[in-house]
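Welcome! Let us take a friendly walk through one protein model, starting with its pocket and moving on to its charged pairs.

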Amino acid sequence: MPPSPDDDLGELIVRAARSLRGRWREVLEPWDLSPHQARALGVVGRAEGLRLSALAEGLRIAPRSATEVVDGLAGRGLVERVPDPTDRRAVLVQLTDEGRRVQAEVSAARAADARAALGRIPADERAELARLLRRFVDG
């Protein structure tokens with residue numbers, strides 16, 4: 001049975017994701033960050049303070065893995081653990097000033113790379129692709 005157009009589309013989506021993921025690793029090289037660390041900076045940066053469980057949920061990883069990511073970022077001075085003012089037994093993770101600077105630089109570099117990678121596609125087609133992918137992802 002020959003592959004259906006949907007099979008080809010699924011493979012194209014996987015190939016596109018792999019391509020972008022490879023570019024993402026290259027973009028992160030100047031900061032010596034892994035994609036997980038960069039994503040964690042973004043998630044933490046969107047909150048005033050975040051519990052590890054919420055970070056794990058935001059990254060879709062196990063809480064133990066989130067602890068390891070935070071340990072690595074804290075060791076580099078990019079995040080810090082602070083007491084939760086609403087629960088003295090809990091700890092929040094927040095960006096340091098250096099973490100905010102790095103997160104902003106990484107975000108700008110990623111946006112520039114995405115523009116370069118997708119720049120071959122006309123703007124109206126990019127908008128349509130974004131609309132369709134949002135519909136697919138939000139399901």
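## The largest pocket

Helix H1 gives the most to the lining of the largest pocket, contributing 13 residues. Keep in mind as you look around that this is a predicted model. The space inside the largest pocket comes to about 1800 Å³. It is lined by 43 residues, and the closest to its centre are Ala-16, Ala-17, Leu-20, Arg-110 and Leu-133.

Which elements give two or more residues to this lining? They are H1, helix H2 (35-45), helix H3 (52-59), H5 and H6. Sorted by character, the lining residues of the largest pocket divide into 25 nonpolar, six polar and twelve charged.

## Salt bridges: a first pair

Now for the charged side chains. Side chains of opposite charge can pair when their charged atoms come close. In this model, the count of salt bridges comes to nine.

One of them joins the side chains of Asp-113 and Arg-23, with 2.7 Å from N to O. Asp-113 lies in helix H5 (residues 97-118) and Arg-23 in helix H1 (residues 5-28), so this pair ties together parts that are 90 residues apart in sequence. Are the two partners buried or exposed? Asp-113 counts as buried because its relative accessibility is 19%, and buried means under 20%. Arg-23, at 29% relative accessibility, counts as partly exposed.

## A helix and a strand

Another salt bridge forms between Asp-71 and Arg-81, whose closest N and O atoms are 2.6 Å apart. Here the pair links distant parts of the chain: Asp-71 sits in helix H4 (residues 63-75) and Arg-81 in strand S2 (residues 79-84), ten residues apart. Asp-71 is partly exposed, with a relative accessible area of 39%, and Arg-81 also counts as partly exposed, at 37% relative accessibility.

## Within one helix

Where do Glu-128 and Arg-131 lie? Both are in helix H6 (residues 123-138), three residues apart, which is about one turn of the helix. They form a salt bridge, and their closest N and O atoms are 2.7 Å apart. Glu-128 counts as partly exposed at 35% relative accessibility, and so does Arg-131 at 39%.

## A network

Salt bridges can also be followed from residue to residue in this model: Arg-51, Asp-84, Asp-87 and Arg-89 are linked in a network of them. Try finding these four residues in the structure, and then return to the pair Asp-113 and Arg-23, which meet in a salt bridge between helices H5 and H1.

Note on methods:
Residues are numbered from 1 along each chain as its sequence is written. This is a predicted model: local features need pLDDT of at least 70, side-chain atom pairs count only at pLDDT 80 or more; totals for chains, interfaces and linings use all residues. Side-chain values use heavy atoms; hydrogens and water are left out. Buried means under 20% relative accessible area, exposed over 50%, partly exposed in between (1.4 Å probe, protein chains only). On a 1 Å grid over the protein atoms alone, a cavity is a set of points where a 1.4 Å probe fits but cannot get out, and a pocket is an open set with protein on both sides within 12 Å along at least five of seven lines; lining residues have an atom within 4 Å of a point. Grid points are joined across faces, edges and corners, and a volume is the space filled by probe spheres set on the points. Ala, Val, Leu, Ile, Met, Phe, Trp, Tyr, Cys and Pro count as nonpolar, Asp, Glu, Lys and Arg as charged, and the others, Gly among them, as polar.
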